[in-house]
Amino acid sequence: MRRVLCVVVVLAVAALAGATARGVAQAQAGTLRAGIGLADLTPPVGTPMFAYTAREAVVSGVAPFLDQETFDTNFFAKTFLATVGVHTRVRARAIVLEQGGTKVALVQVDLGGLPYELHQAVVQRIESTGIDRDHLLLSATHSHGSVGPIWPLTHSGYQILGGDLLDPRVFGLVADRIAAAVLDADATLAPARAAVVRRDVLDATRNRNLGPHLRNTDEAHGGRDDDLPHSIPAELTVLRVDRADGRPLGVWSAFGIHGTSFGADMLHFTGDNQAWSERLVEDGLRARAGLGPDDLVVHAQANGAEGDVSPRGASLRLGEMPGAAPPIGGDADLDLHHPGGAFSSAELAGTRVAGAVLAAWDDAGPLLRDDLALAARFAL
């Protein structure tokens with residue numbers, strides 16, 4: 001039976017109001033502390049990427065160790081096409097929170113997925129922090145342009161058709177770097193304040209398979225071509241974390257969107273549209289606080305219920321989209337004339353998400369408090 005990892009970190013609005021989730025013990029009262037960390041997961045060029053069966057040797061008709069122009073002398077690519085460069089670095093971002101004796105790590109990674117064994121490997125590497133498996137939440141963005149050969153034999157489907165055979169060198173590098181982000185976050189714990197807000201985002205995603213959706217009879221459809229908002233999970237959840245002195249530390253967000261702006265012909269490592277929104281939010285937070293480009297803030301963007309939800313990277317009038325956040329640096333009533341293609345699509349979808357995250361960050365300002373309730377549970 002396939003094992004399914006589920007870590008639930010309770011940072012609920014209900015907890016902020018004084019309620020406690022059933023079956024989860026509420027943390028003792030105390031001053032909230034927080035720290036952040038950032039690490040680069042990008043493996044050596046030549047390492048295969050995650051997903052797209054069309055990159056596999058038999059399917060593509062190209063043997064990575066025979067037919068590609070540059071032979072991979074390190075033999076990272078075995079059954080999948082080797083990468084040839086980097087579009088964006090792929091990263092891990094960590095926010096560690098501690099209150100009343102409970103410590104949790106919220107960690108986002110620019111990966112296609114997370115094998116159970118990788119979660120356990122990170123737990124072993126952060127033992128000194130006191131954060132055990134029950135209190136480590138790893139969330140992948142599901143970028144189809146990230147690291148491939150991290151899947152052990154227990155995940156043979158991904159090895160055969162979704163990422164190449166396990167390479168212990170790459171697995172170890174990824175585990176080490178994720179752990180480094182958590183260790184750095186834990187080492188910088190300081191008094192903090194936090195708040196959780198939610199808003200709907202309707203302009204950044206689309207349902208790629210509307211036919212089955214439109215046959216649903218348990219809801220009233222809106223009559224639009226894309227049937228918004230019913231056809232997508234529109235909710236964006238944002239956790240804002242500031243130091244007690246008001247300096248922004250970062251944001252943890254959750255929003256359902258596929259990392260598929262690029263197709264199988266993309267052989268440069270990329271964090272896809274999520275990498276764009278991660279960086280735009282971090283730049284936006286620095287700008288709001290008057291920080292320099294080297295001052296660390298993090299946007300840990302986790303994926304939500306992505307299902308058939310693809311990035312919406314086409315040009316449209318943002319002012320006509322219900323619930324759309326104002327674009328960064330632009331007028332909501334102006335057409336955005338981006339050239340067609342995967343690169344502009346990733347940029348535009350990421351920009352729309354980033355605008356919504358920053359708007360939610362602003363909304364969270366009046367709600368900041370230092371007594372956020374923390375709890376966690378783990379299930380297999």
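Helix α5, in this predicted model, comprises the 20 residues 168-187 (helices are DSSP runs of H or I of at least four residues, strands are runs of E of at least two, and both are numbered from the N terminus), and because the expected span of a helix is 1.5 Å times one less than its number of residues, α5 should span 28 Å, which agrees with the 28 Å that separates its end C-alpha atoms. Residues are numbered from 1 along each chain as its sequence is written. As the model is predicted, local features need pLDDT of at least 70 and side-chain atom pairs count only at pLDDT 80 or more, whereas totals for chains, interfaces and linings use all residues, and side-chain values use heavy atoms, with hydrogens and water left out.

Among the residues of α5 that are buried are V170, F171, L173, V174, I178 and V182, where buried means under 20% relative accessible area, exposed over 50% and partly exposed in between, for a 1.4 Å probe and protein chains only. The cover over the buried residues of α5 includes strands β2 (33-40), β4 (91-99), β5 (102-109) and β6 (136-140), together with helix α3 (116-125).

The largest nonpolar core (a set of buried Ala, Val, Leu, Ile, Met, Phe, Trp, Tyr and Cys residues joined through side-chain atoms within 4.5 Å) has 36 residues, of which V107, L111, L136, I150, V174 and I178 touch the most other members. At least two residues of this core come from each of β4, β5, α3, β6 and α5, and the largest share, ten residues, is supplied by α5. Apart from neighbours within four places in sequence, V174 is in contact (heavy atoms within 4.5 Å) with L41, L111, L118, V147 and I150.

Four aromatic pairs are found in the whole structure; rings of Phe, Tyr and Trp (its six-membered ring) pair if their centres lie within 6.5 Å, and planes under 30 degrees apart count as stacked, over 60 as edge-to-face and the rest as tilted. The rings of F262 and F343 are edge-to-face, because their centres are 5.0 Å apart and their planes stand at 75°. Since F262 lies in the loop between β10 (248-255) and β11 (268-269) and F343 in helix α8 (residues 342-364), the pair ties together parts that are 81 residues apart in sequence. With 4% relative accessibility, F262 counts as buried.

T141, in the loop between β6 and α4 (156-161), is likewise buried, with a relative accessible area of 1%. The C-alpha atoms of T141 and D272, which are 131 residues apart along the chain, are separated by 9.1 Å.
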